[in-house]
Amino acid sequence: MLFMVRMQVNIPHDMDPKKADEIKLAEKNYAQELQRQGKWLHLWRVVGRYENVSIFEAADNDALHTMLSSLPLFPYMDIQVTALAKHPSAI
């Protein structure tokens with residue numbers, strides 16, 4: 001199943017910068033591993049925001065939830081998920 005996921009990151013302003021950098025590095029490593037595994041198909045930054053739009057492939061809703069909730073930045077994210085289906089006009 002394909003899912004469009006919009007993730008807005010809201011790191012608290014009073015978080016220790018060193019801790020924030022550690023979380024961001026762990027996030028980058030995990031995101032790149034999911035991309036190498038073919039689960040995180042596309043990743044786009046939303047211009048002017050600490051936000052991205054991504055396309056994930058997952059077996060089902062539970063598999064996607066497991067991936068998303070395992071993101072190191074998950075506690076600081078607002079996430080919107082849209083399930084996708086093939087469009088009949090797509091070539």
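Strands, as the word is used here, are DSSP runs of E of at least two residues, numbered from the N terminus. The exercises below concern a predicted model.

**Exercise 1. Place Met-77 in the fold, and decide whether Met-77 is buried or exposed.**

Solution. Begin with the chain as a whole, which holds two helices and four strands, arranged from the N terminus on in the order β-α-β-β-α-β. Met-77 belongs to strand β4, which covers residues 77–84. The next step is the relative accessible area of Met-77, which is 12%; because buried means under 20%, Met-77 counts as buried. Its surroundings can then be listed: leaving aside neighbours within four places in sequence, Met-77 is in contact with Met-7, Gln-8, Val-9, Asn-10, Glu-27 and Leu-71. One of these, Val-9, is 68 residues away from Met-77 in sequence, yet the two C-alpha atoms are 4.5 Å apart in space.

**Exercise 2. Find which residues are linked in a network of salt bridges, and describe each pair.**

Solution. The count for the model comes to three salt bridges. Take first the pair formed by Glu-51 and Arg-6, whose closest N and O atoms are 2.3 Å apart. This pair links distant parts of the chain, since Glu-51 is in strand β3 (residues 51–57) and Arg-6 is in strand β1, 45 residues apart. Glu-51 also meets the side chain of Arg-49 in a salt bridge, with an N to O distance of 2.5 Å. Putting these pairs together, Arg-6, Arg-49 and Glu-51 are linked in a network.

The accessibilities of the three residues complete the description. Glu-51 has a relative accessibility of 9% and therefore counts as buried, whereas Arg-6, at 35%, is partly exposed, and Arg-49, at 43%, counts as partly exposed.

**Exercise 3. Locate Arg-36 and Glu-33 in the chain, and state how their side chains meet.**

Solution. Both residues lie in helix α1, which covers residues 17–36, and they are three residues apart, about one turn of the helix. Their side chains meet in a salt bridge, at 3.5 Å from N to O. The accessibility of each partner is then read separately: Arg-36, at 61% relative accessibility, counts as exposed, because the cut-off for that class is over 50%, while Glu-33, with a relative accessible area of 34%, is partly exposed.

**Exercise 4. Describe the surroundings of Leu-34, and decide whether Leu-34 is buried or exposed.**

Solution. Leu-34 lies in helix α1, and its relative accessible area is 4%, so that Leu-34 is buried. When residues up to four places away in sequence are not counted, Leu-34 touches Lys-39, Trp-40, Phe-56 and Met-67. A separate comparison of positions concerns Ala-63, which is 29 residues from Leu-34 in sequence and 12 Å away in space, C-alpha to C-alpha.

**Exercise 5. State which residues make the nonpolar surface patch, and explain why Met-4 is classed as partly exposed.**

Solution. The patch, of about 290 Å², is made by Leu-2, Met-4, Leu-41 and Leu-84. Met-4 is found in strand β1, which covers residues 2–9. Its relative accessibility is 33%, and because partly exposed lies between the limits of under 20% for buried and over 50% for exposed, Met-4 counts as partly exposed. For the surface of the whole chain, the exposed area is about 6400 Å², of which carbon and sulfur atoms supply 54%.

**Exercise 6. Set Ala-90 within the overall dimensions of the chain, and decide whether Ala-90 is buried or exposed.**

Solution. The C-alpha atoms of the chain fill a box of roughly 50 × 25 × 20 Å, taken along the principal axes. Ala-90 lies in the segment after β4, and with a relative accessible area of 56% Ala-90 is exposed. The C-alpha atoms of Ala-90 and Ala-26 are separated by 36 Å, the two residues being 64 residues apart along the chain.

Two chain-wide values can be set beside these local ones. Buried residues make up 30% of the 91 residues in the chain. Among contacts between residues at least 6 apart in sequence, 68% join residues at least 24 apart.

Methods:
Residues are numbered from 1 along each chain as its sequence is written. This is a predicted model: local features need pLDDT of at least 70, side-chain atom pairs count only at pLDDT 80 or more; totals for chains, interfaces and linings use all residues. Side-chain values use heavy atoms; hydrogens and water are left out. Buried means under 20% relative accessible area, exposed over 50%, partly exposed in between (1.4 Å probe, protein chains only). Contact means heavy atoms within 4.5 Å. Accessible areas come from the Shrake-Rupley method with a 1.4 Å probe; for residues, only the protein chains shown count as cover. Patches are made of residues with over 30% relative accessible area and no salt bridge: like charges are joined within 9 Å, nonpolar side chains (Val, Leu, Ile, Met, Phe, Trp, Tyr) within 5 Å. A salt bridge is a side-chain nitrogen of Lys or Arg within 4 Å of a carboxyl oxygen of Asp or Glu.
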